[in-house]
Amino acid sequence: MSVKVKYSRSSAKPLAQDLESFVVPALSTVERTLGSLRGDLNLRNSFFITAQAKPGDLLAKVWSTSKSELRRVETLGKDEKDPENGGTHPWSLESNTESTLLLFNHNEATQGFSVTISGENTTGHKVYKLEPMQTEQINIRDIVQRRVKDETGRTLPLSISNGQIRWFTQVSGVGKGRLLQSSRARAMARNFSCGTTYVLCAAQFGAGTTTFPVGSQSIEFGYVVGLVCMPQPPFYQRCAGQGAGPDDLNYQYSWATDNTSIAIASTWFDGLASHVRVNGQAAGTANVTGTIYDPANSCRFSAGATGTVQQASVSLNPTTVAPGAQTTVTVTLQPAMAGQQVSLSAAAVSNSGGHQQTSGRPVGSFSNGTGTTNSGGQFTTQYTASAFGGSETITGTINGSNGSQTLTVAVPALVQLFSGPNYTLVGPTSTHPVDHYGTSTANTNLVNIANQYANAFPGGVLNYNDQSLPQGGLFDVNANWTNPHVEHRLGINCDVYQPNVPVANRPTLLTIFVNNGSPNYLDESALNHWHLRFGAAGNPAGD
Ligand SMILES: [Zn+2]
């Protein structure tokens, strides 16, 4: 048969040049000496032998000889059409041994070789791209000592001294590899090329954060990594097998969700695994799935997890209470989940209820400010509103999700008293700009009192000071969230200024008070006013 020998070099642009052509007679061996050939540094050469013959009819091997202690190194040829696409072998650096992986791309297209070096419970993975006719040498001692990073940025530990190496191409018949174990000190060189087939056989999901609050952005949900296996007899299925481990070789990765609760935010590839970040769009669950596809072999696998987007909400019953009164607070977690920690907080709405000062504003209190959800995902407690009229926002927090509802704290049915011809409204301040709200009974009586006083003493005008704030409640006239106004909370009180009422007129005015719904006035002369009360005393009473 006619045999052609090519010699490939990798030092510059990889190139295979014709070296020899000769005829091998049937059932015989031909030996050729290639004495004048110069190799590239680091063994980056390969021979490529073709014959016009059927597969298996020709065997070839190359050997090197020298006059040194190591007299002969032999390398068996590998079959280009070998159905196996990779190999694996133990490696060692012990006793000054070198372990060198030699890869050769004998195909016409650039090929990726996935190389995984493992040992001492660590793994390094790198894809080497070889041009046509390129030979690459990968020296493991060099990788360890120079701290060469793999595709994921990891390095092998300096202490590592032995392990397993595997290499493969996506399809068979395009590249070859062999592991050379050599020791200059011991004059030893052996090469191994245990052939194996590797296929993508599964996808494995690694979980990150799979439960998160609604509104969360760019949550690191997890990753998916391809597993390669060795196909098993008797069927040698293309996308199934056993053993091996995580790997990548130009696989394609994609992510999807099956529910709008979770949206894919972004994905990234770390050299071995595809990672996904998600956004929590709405309360609920969604399956987040990563798919790995090997286009060369049409193998496709998916793996993922169910993600849960949690939302806390708060409902109040009732939503309006009088100052100091109670409402029932229910915090609900969706989707419902028992045993989740709940915390509650209250905050006053600034400038609500006629209080323009903001700092130090008190809020009410919870019977239980913390708790856990029941099987319905709910937690219920009581909230006692503050003594101040206004709005208080009740917030429940579960697993980082907040829900809130605003409670109106108000004395019902207060109406504003506007100015009239026979009385002057006094008392507003910058912190309490509107302070003449009262019950309709109080307001009607105040108008009547002023009118009757003017009838009795023509030209007489009364000064009305401080009724109640728009939503009632404690009227901290000094803007410090406390007394001295003790009453003035329910819209039934008003202070009538004394100094502009002549002493001679006062007995008549007191009678007018009594006749117009305020038999229970307090003569607070020391404070220059009468304190009127239309109706039963609020608690506490006075001033
Ligand atoms: Zn008063």
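Is the crossing of helices H2 and H3 left-handed or right-handed? The crossing of H2 and H3 is right-handed. That is one detail of a predicted model, and the paragraphs below start from the whole protein before they return to these two helices.

The protein has 543 residues, of which 35% are buried. Its secondary structure consists of 3 helices and 38 strands. The radius of gyration is 45 Å, whereas the globule rule gives 24 Å for 543 residues, so the protein is more spread out than a compact globule. The box filled by the C-alpha atoms, taken along the principal axes, gives another view of this: it is roughly 150 × 45 × 35 Å. Contacts can also be sorted by how far apart the two residues are in sequence. Among the contacts with a separation of 6 or more, 68% join residues that are 24 or more positions apart.

The chain is divided into four parts: domain 1 covers residues 2-196, domain 2 covers 199-309, domain 3 covers 318-409 and domain 4 covers 415-533. Between the C-alpha centres of domain 1 and domain 3 there are 72 Å.

We begin with a sheet at the start of the chain. Strands of a sheet pair through backbone hydrogen bonds, in either a parallel or an antiparallel way. This open sheet has 3 strands in the order S2-S1-S3, and the pairing is antiparallel. Strand S2 (15-23) and strand S3 (45-51) are at the edges with a single partner strand each, so each has one side without a neighbour in the sheet. On average, neighbouring strands of the sheet are turned by 20° against each other, direction ignored. Strand S1 (residues 2-9) runs antiparallel to S3, and 7 bridges join the two. Within S3, Ser 46 is the residue that stands opposite Ser 8.

Further along comes strand S7 (residues 98-105). Why is S7 described as largely enclosed by the rest of the structure? The reason is that 7 of its 8 residues are buried. S7 pairs with strand S12 (residues 175-183) in the antiparallel sense, over 8 bridges, and here Leu 102 is opposite Arg 178 of S12. S7 is also joined by 5 bridges to strand S10 (residues 135-139), again antiparallel. In that pairing Leu 101 has Ile 138 of S10 as its bridge partner.

Between S7 and S10 in the numbering are two strands that form a hairpin. Strand S8 (residues 111-119) and strand S9 (residues 122-130) are antiparallel and share 9 bridges. One of the bridge pairs is Thr 116 with His 125 of S9. The hairpin has 2 residues between its strands, and Glu 120 takes a positive phi near 50° there.

A single residue can be followed in the same way. Gly 226 is part of strand S17 (residues 219-230). How many other C-beta atoms lie within 10 Å of Gly 226? There are 26, and Gly 226 is buried. Leaving aside neighbours within four places in sequence, Gly 226 is in contact with Leu 200, Ala 203, Pro 246, Asp 247, Asp 248, Tyr 251 and Ile 292. Ala 240 is 14 residues from Gly 226 in sequence, and their C-alpha atoms are 12 Å apart in space.

The last part of the tour has both a sheet and helices. An open sheet of 5 strands follows the order S33-S35-S36-S38-S37, and its pairing is mixed. Strand S33 (423-426) and strand S37 (522-524) are the edge strands, each pairing on one side only. From one strand to the next, the twist averages 30°. S37 pairs with strand S38 (residues 529-533) in the antiparallel sense over 3 bridges, and Leu 522 stands opposite His 531 of S38.

Helix H2 (residues 440-456) lies across S33, strand S35 (462-465) and strand S36 (493-497), and runs at about 160° to S35. This brings us back to the opening question. Two packed helices are described by the angle between their axes and the distance between those axes. For H2 and helix H3 (residues 506-515), the angle is about 150° and the axes are 10 Å apart. Their crossing is right-handed. On the H2 side, the contact is made by Ile 449, Gln 452, Tyr 453 and Ala 456, and on the H3 side by Thr 508, Leu 509, Ile 512 and Phe 513.

Key: Residues numbered from 1 in each chain as written. Predicted model: local features only at pLDDT ≥ 70, side-chain atom pairs only at ≥ 80, totals over all residues. Pairing = 2+ DSSP bridges. Helix = DSSP H or I, 4+ residues; strand = E, 2+ residues; numbered from the N terminus. Axes fitted to C-alpha atoms, helices over the stretch in contact; angles between N-to-C directions. Domains from an automatic or database assignment. Contact = placed C-beta atoms within 7 Å. Buried ≥ 20, exposed ≤ 12 C-beta atoms within 10 Å, placed from the backbone. Rg over C-alpha atoms; globule rule 2.2 N^0.38 Å. Left-handed = near helix turned anticlockwise from the far one by under 90°.
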